[in-house]
Amino acid sequence: MIPVKAGFKYFLGQHFYFSGEAGAGFELSDFGAFKNGEFGIPKSTKLIWSPGVGYTVKSWDFGLRYENFSSSKTFAGEKNNYGTVSLRVAHSFGL
């Protein structure tokens with residue numbers, strides 16, 4: 001999948017922030033699964049949206065975010081949607 005997204009980060013004070021991203025994910029190939037007599041989930045373009053929260057201190061950034069990938073296509077009668085929860089720890093090197 002190739003994601004194309006835009007986002008923002010809004011600080012709610014000196015250290016806490018809320019972030020969000022939205023865009024599209026372009027799948028490059030079918031997914032090889034077998035369910036109810038059908039083989040392969042057909043590739044599709046997925047809507048991607050991801051809200052998050054975070055905290056910054058000095059040169060460190062800690063974030064928590066949920067990312068959802070959804071499509072209107074179905075496979076064996078079920079929607080082809082999924083999501084992830086991620087923890088981000090980043091350090092800035094003042095270059």
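**Strands 2 and 5**

Strand 2 and strand 5 make a suitable starting point: they pair in the antiparallel sense over 11 bridges. The model on display is a predicted one. Select Gly 20 and look across to strand 5, where its bridge partner is Pro 51.

**The whole protein**

Now colour the chain by secondary structure. The protein contains nine strands and zero helices, and its pattern along the sequence reads β-β-β-β-β-β-β-β-β. Of the 95 residues in the protein, 27% are buried. Among contacts with a separation of 6 or more, those between residues 24 or more positions apart account for 46%.

**The open sheet**

Next, select strands 1, 2, 5, 6 and 9 together. These five strands form an open sheet in the order 1-2-5-6-9, with antiparallel pairing. Its edges are strand 1, residues 2-11, and strand 9, residues 82-91, each of which pairs on one side only. From one strand to the next, the twist averages 20°.

**From strand 1 to strand 2**

Move to the edge formed by strand 1. Strand 1 and its partner, strand 2, run antiparallel and are joined by 10 bridges. Two positions help to follow this pairing. Select Pro 3, which stands opposite Gly 25 in strand 2; then select Lys 9, which stands opposite Ser 19 in strand 2. The hairpin of these two strands has four residues between the strands, and there Gly 13 takes a positive phi near 160°.

**From strand 5 to strand 6**

Proceed to strand 5, residues 45-57, and strand 6, residues 60-70. These strands also run antiparallel, and nine bridges join them. To locate the pairing, select Leu 47 and find Ser 70, its bridge partner in strand 6.

The loop between strand 5 and strand 6 holds Lys 58. Although Lys 58 is not a glycine, it has a positive phi of about 50°. Is Lys 58 buried or exposed? Its relative accessible area is 85%, over the 50% cut-off, so Lys 58 counts as exposed.

**Two residues of strand 5**

Return to strand 5 and select Thr 56. Thr 56 has a relative accessibility of 17%, which is under the 20% cut-off, and therefore counts as buried. Which residues are in contact with Thr 56, leaving aside its neighbours within four places in sequence? They are Phe 11, Gln 14, His 15, Tyr 17 and Asp 61. Display Tyr 17 together with Thr 56: the two are 39 residues apart along the chain, yet their C-alpha atoms are separated by 8.1 Å.

Ser 50 is the next residue to select, also in strand 5. With a relative accessibility of 3%, Ser 50 is under the 20% cut-off and so counts as buried. Once its neighbours within four places in sequence are set aside, Ser 50 is in contact with Ser 19, Gly 20, Glu 21, Arg 65, Tyr 66 and Glu 67. Gly 20 has already appeared on this tour as the bridge partner of Pro 51.

**The largest pocket**

For the last stop, display the molecular surface. Rolling a probe the size of a water molecule over the atoms shows where empty space is left. The largest pocket has a volume of about 230 Å³. Its lining consists of 15 residues, and those closest to its centre are Tyr 17, Ser 19, Glu 21, Arg 65 and Arg 88. Some of these names are familiar from earlier stops: Tyr 17 is in contact with Thr 56, while Ser 19, Glu 21 and Arg 65 are in contact with Ser 50.

Which strand gives the most to the lining of the largest pocket? Strand 2 does, with four residues. Colouring the lining by strand shows that strand 1, strand 2 (16-26), strand 5, strand 6 and strand 9 each supply at least two residues. These are the strands of the open sheet selected earlier. Recolour the lining by class to finish: five of its residues are nonpolar, six are polar and four are charged.

Conventions:
Residues numbered from 1 in each chain as written. Predicted model: local features only at pLDDT ≥ 70, side-chain atom pairs only at ≥ 80, totals over all residues. Heavy atoms only, no water. Pairing = 2+ DSSP bridges. Axes fitted to C-alpha atoms, helices over the stretch in contact; angles between N-to-C directions. Buried < 20%, exposed > 50% of the residue type's maximum accessible area, 1.4 Å probe, protein only. Contact = heavy atoms within 4.5 Å. 1 Å grid on protein atoms, 1.4 Å probe; cavity = no way out; pocket = protein on both sides within 12 Å on 5 of 7 lines; lining within 4 Å. Points joined across faces, edges and corners; volume = space filled by probe spheres on them. Nonpolar A, V, L, I, M, F, W, Y, C, P; charged D, E, K, R; others polar.
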